[in-house]
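Please open the model in a viewer and keep the sequence panel visible. The tour below proceeds by selection, one stop after another.

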Amino acid sequence: MNKRLLGMGMAALAAIFWGAMGSAGQYLLQKCGFVPLDLISIRMLLAGSLFVGLELFLNKSKVFAPFRSVSSFVQLLIYTATIIGTQLTYFVCIQYSNAAVAGVLTATVPLWVMLFMVVFQHQRLSLKEILCGAAAVIGVFLIVTGGSLKSLNVSMMGLIMGLGSGLTGALYVILPQKLIKQVGSGTATSWALLLTGVAVTLFNHFWNESLNWSLGAVLAYAFIVIFGTIAAFWLFQAAAELIPSDVAGMMETLDPVSATVLGVLFLGLIVNIWELIGGVLILATVVVLAIPSKHPGLYKNKRERGS
């Protein structure tokens, strides 16, 4: 099979798994009495432990590099904080809205990165980037209002957390760059995932909670851990070796698409034409911004390092 097609297929499957993870998370949050921290603690402890173990086996000489200097360790803590931020805002958004809305709003990461480049690096935007920004604002407006100014289609908390997920996702892209260059993506991400699980568990003693571990809940959580985290991460990392990051970024737009389809089929989600147009506008901006331009570093996939 052609390597490019294989890479695109792997990236697409990873995105579908992420979208399905959102739907599984919505089921646990809205039907089984789980809270967002429950979906982060166990999952990150398991995934982080597995990835650190793999790094210890595959990259033994560098696996403890983040702990060899105060500077690296501080950068690792910052990386961990960005993961906690993206994960918490994403699942709170799902709790107060649904996985489809969370997926679309989280997809605004490249737009937040673009904004940071303008504000902090004083870069001028191209016409394409300005039009993409305007289209994204219109898209968010249509999703939130459903085409009507009489009432909001998404709760204020859901909207704030969804946009917050995009914002923290942009910080997740920007802030760990120095650490990743020093110790490598795999090592940095593995420890950050594990520390995320440890940190969240300090505030979420899941073993003391009376969670509704029905058969459906067990299957949903198992899917989140196995397919939505471990398999999706591995697939996307492998795809990144076969295809350019811009192509991988385009494939990631399948995340909210799969969450929407699963929401309609299994979770009673109803989407009107205006919400559909809004979602298409936002995802279209992601695809357009992923096309190489004078700012080749603008799009950096928010999950290529594991969350």
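A polar contact is a pair of N or O atoms within 3.5 Å; within protein, one must be able to donate a hydrogen and the other to accept it, and residues adjacent in sequence count only if both atoms are side-chain atoms. This is a predicted model, in which local features need pLDDT of at least 70 and side-chain atom pairs count only at pLDDT 80 or more, whereas totals for chains, interfaces and linings use all residues. Residues are numbered from 1 along each chain as its sequence is written, and side-chain values use heavy atoms, with hydrogens and water left out.

**Asn 204.** Select Asn 204, in the loop between α9 (185-203) and α10 (215-240); helices (H or I, at least four residues) are DSSP runs, numbered from the N terminus. Its side chain forms a polar contact of 3.0 Å with that of Ser 41. Asn 204 counts as buried because its relative accessible area is 3%, where buried means under 20% and exposed over 50%, with a 1.4 Å probe and protein chains only. Beyond four places in sequence, Asn 204 is in contact (heavy atoms within 4.5 Å) with residues including Val 35, Leu 37 and Glu 209.

**Glu 55.** Move next to helix α2 (residues 36-58), which contains Glu 55. Which side chain of opposite charge is nearest to Glu 55? It is Lys 62, 9.4 Å away, and buried Glu 55 has no salt bridge, that is, no side-chain nitrogen of Lys or Arg within 4 Å of a carboxyl oxygen of Asp or Glu. Lys and Arg count as positive and Asp and Glu as negative; His and the chain ends are not counted. The side chain of Glu 55 does make a polar contact with that of Thr 187, at 3.0 Å.

**Gly 158.** Gly 158 belongs to helix α7 (residues 156-174). It is classed as buried because its relative accessibility is 0%. Display the C-alpha atoms of Gly 158 and Val 92: they are 7.1 Å apart, with these positions 66 residues apart along the chain. Leaving aside neighbours within four places in sequence, Gly 158 is in contact with Cys 93, Tyr 96 and Leu 105.

**His 122.** Finish at the loop between α5 (109-121) and α6 (127-145), where His 122 is found. Although not a glycine, His 122 has a positive phi of about 55°. Most residues other than glycine have a negative phi. His 122 counts as exposed because its relative accessibility is 64%.

Technical notes: Helices (H or I, at least four residues) and strands (E, at least two) are DSSP runs, numbered from the N terminus.
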